[in-house]
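Could you walk me through this model in my viewer, one selection at a time? I would like to know what to pick next and what to look for at each stop.

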Amino acid sequence: MLKSSISRRLTIYSLVLIILPLLICSIYMVDYFYKINIQDKTSSLENQAKTVAAISHIYFEKKDNADMSLLQAISSDTGLRITLVNTSGEVVYDSSHDSESMDNHEDRPEIQNALHTGIGSSIRHSDTLQKNLLYVAVPVYDNGVLLGVSRTSLSITPLEKSYDSMRNNILFIFFAVTIIAISIGMILTRRFTNPIKQMTLDAQKIINGDLSTRMRINTADELEFLAAAINKLTSRLLRKINDSQAKAHTLSLILDNMDNAVILLNENGLITEANKQAKDMFKITPDIIKTYSINFIGNTVISDTAKTCAQENKNKKITLRIKLGATEKTFIVFFAPFTSETKQSIVCVFHDISLMQEITDRQNIFVANAAHELSTPLTSIKGFSETLLDSDLTEAETSRHFLKIIYEESCRMQYLVKNLLQLAKLNSNDYKKQVATTNIDCTDALKKIIKTMTPFLEQKGQFFETNFSSENLVIKANPDLFTQIFINLIENAVKYSPDKGKLLLACSRDKDKAVFTIKDNGVGIAKTDIPFIFDRFYRSDKSRARQDIGGSGIGLSLVKFLVELFSGKIFASSELNKGTTFTIIFPLQRNIDS
């Protein structure tokens, strides 16, 4: 029960407040009653001593046994011890002892006080009677002459017994009250401390994170008000924590689902936190966090900039190009310092601009290639035009040859510009929405394309081998653009296949898809060039660059664009000097009648 410090102190305080005043009062009362009784006895003895003094002056002049018997009678009737002492201290008479055998009483304090002050009293042990007596002495005068002292005494043994009995009773009552007070104090202390103990247990649960705990104290006092205040504080704290957790969860979702990689560094450049994008992009594993520097991704510029950012306490921004695996990435990295728990940290946000950089690079290449492709025919046209202007035009055959070259280069430039304009037009979202699509019967469409291209093949002695599915395959596309896809591919096959070569045009069904194949036995494409053949102005090899009509590098990029416009896919496979195969896949229409 008294293990608790507050219980122990409350019990001690209660006992001190109860027992100490009780003890003081008991001591005071016993002493008070003792002194009152002594005073009463002293006053009574004083009166009796004066009475004896009034009749005892004759006993100092002569001793008469009859007269002494009077004093003896008074002593017997009152129970007093009467003693007469002369001025020299000799005992003249004593009712309890032979006066002649008694010691001189001159030095007795009551005698001295009576001779000098008129009255004296004292309490002491009587060697004659072997008990404690109360002595009161008064002087005896005869016509103004001091004859001696009249002393009366009384045993205080009954008074002492009464005092001892009272003291013992009071001590018994004191100890009984003390035991009762301790018991009541412990009960009251327990009633007071139990709510405190319960509040302590509930507070410990709250400290340990159980914020659903509520203090249920019904004491109708300050403890209940304190418990209610703590409950309100806990509720507010729970709301704050829930709000903070919701915000932290929201922030975590934002960080984990944002496109940018976010890495948190300390002032030494060590990685302390990273979002999902950063972990996936830079292969940051749990053992790397708080162990490795940001330098592990392969560039010291980041850590150097982070340290500078922390030292200057200013935001920084750099453009970073690093190689991640087989690809090169370009980032704009933003650095922002902040202080958390007295520690300096730096947030690094990696904004991936690789696509923008690639688009910029491709635009630059596109402009350069377009300028190059246009400059070649323009140079020829300008050169031959100048030649014709400088000549006298007398040689008709030569002039005709120059004009033919000018015409061919003009056609080539017109073809190039036409393709560029078509690509630009198709890139427009508004135009894409305006492209009208309808159901196309694949077999019928391919037969019309073959009929259109047959004269072109016959010029080189080439011929088609066809393999069309017997099923009625229907896709949804624009008829003119669909035709252009195959004409471009067939033109390429014709250009880069030898004379009297063989071309394959096939159409089949694969589940819910229509599969088209255009195959030639021409010069082929190197495997290293295949991933880039659909890029604008890309030409894989000098041998394919120009023959009778040079390629512009726009046709295949236009084909891929048109295929994807109609939700299709195109693939190329090739082997040098053995030929090239293009495979196109379009989704079939489920309801053919539509």
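Begin with K511, which sits in the hairpin of β14 and β15 and takes a positive phi near 60 degrees. That hairpin has two residues between its strands. Keep in mind throughout that you are looking at a predicted model.

**The whole protein**

Zoom out for a moment to get your bearings. The protein has 594 residues, and 36% of them count as buried. There are 14 helices and 17 strands to find your way around. Among the contacts with a separation of 6 or more, 56% are between residues 24 or more positions apart.

**The mixed sheet around the hairpin**

Now go back to the hairpin and select its surroundings: β12, β14, β15, β17 and β16, in that order, make up an open sheet of five strands with mixed pairing. Which strands stand at the edges? They are β12 (463-468) and β16 (569-575); each has a single partner strand, so one side of each is left without a neighbour in the sheet. From one strand to the next, the twist averages 15 degrees.

Step across the sheet from the β12 side. β12 and β14 run parallel and are joined by six bridges. To see the register, select F463 and look for K502 of β14 opposite. Moving on, β14 and β15 run antiparallel, with seven bridges between them. Here S508 faces V515 of β15. Next come β15 (residues 513-519) and β17 (residues 579-587), an antiparallel pair also linked by seven bridges. Select A514 and you will find its bridge partner in β17, F586.

With the strands in view, add helix α11 (residues 442-458), which packs on the sheet and touches β12, β14 (502-510) and β15. The direction of α11 makes about 175 degrees with that of β12. Then show helix α12 (residues 479-495), lying across β12, β14, β15, β16 and β17. Against β17, helix α12 runs at about 170 degrees.

**Aromatic stops**

Stay here and turn on the side chains of F482, F486, F516 and F586: these four form one aromatic cluster. You have already met F586, as the bridge partner of A514.

In the protein as a whole, the count comes to 13 aromatic pairs. For one of them, select Y32 and F33, whose rings are edge-to-face, 5.8 Å centre to centre and with 65 degrees between the planes. Are these two residues buried or partly exposed? Y32 is partly exposed, with a relative accessible area of 40%, and F33 is partly exposed too, at 35%.

Another pair is F534 with F582: the ring centres are 6.4 Å apart and the planes are at 75 degrees, so this pair is edge-to-face. F534 lies in the loop between β15 and α13 (542-545), while F582 is in strand β17, so the pair ties together parts that are 48 residues apart in sequence. Both F534 and F582 are buried.

**The antiparallel sheet**

Travel next to an open sheet with antiparallel pairing, built from five strands in the order β2-β1-β5-β4-β3. Its edge strands are β2 (91-94) and β3 (120-126), each pairing on one side only. The twist in this sheet averages 25 degrees from one strand to the next.

Pick out β4 (residues 131-142) and β5 (residues 145-155), which pair in the antiparallel sense over 10 bridges. For a landmark within that pairing, find P139, opposite V149 of β5. Then bring in helix α3 (residues 109-117), lying across β1 (81-86), β3, β4 and β5. Helix α3 runs at about 170 degrees to β3.

While you are in this part of the numbering, select R124 and Y135 together. R124 lies over the face of Y135, at 4.2 Å from the ring centre.

**Last stop: N266**

Finish at N266, which you will find in strand β6 (residues 261-266). Why does N266 count as buried? Its relative accessibility is 17%, and buried means under 20%. Follow the side chain of N266 to the backbone nitrogen of L270, which it reaches at 2.8 Å. Leaving aside neighbours within four places in sequence, N266 is in contact with T272, Q344, S345 and I346.

Technical notes. Residues are numbered from 1 along each chain as its sequence is written. This is a predicted model: local features need pLDDT of at least 70, side-chain atom pairs count only at pLDDT 80 or more; totals for chains, interfaces and linings use all residues. Side-chain values use heavy atoms; hydrogens and water are left out. Two strands pair if DSSP finds at least two bridges between them. Helices (H or I, at least four residues) and strands (E, at least two) are DSSP runs, numbered from the N terminus. Axes are lines fitted to C-alpha atoms, for helices over the stretch in contact, and angles run from 0 to 180 degrees between N-to-C directions. Contact means heavy atoms within 4.5 Å. Buried means under 20% relative accessible area, exposed over 50%, partly exposed in between (1.4 Å probe, protein chains only). A polar contact is a pair of N or O atoms within 3.5 Å; within protein, one must be able to donate a hydrogen and the other to accept it, and residues adjacent in sequence count only if both atoms are side-chain atoms. Rings of Phe, Tyr and Trp (its six-membered ring) pair if their centres lie within 6.5 Å; planes under 30 degrees apart count as stacked, over 60 as edge-to-face and the rest as tilted. A charge sits over a ring if NZ of Lys or CZ of Arg is within 6 Å of the ring centre and within 35 degrees of the ring normal.
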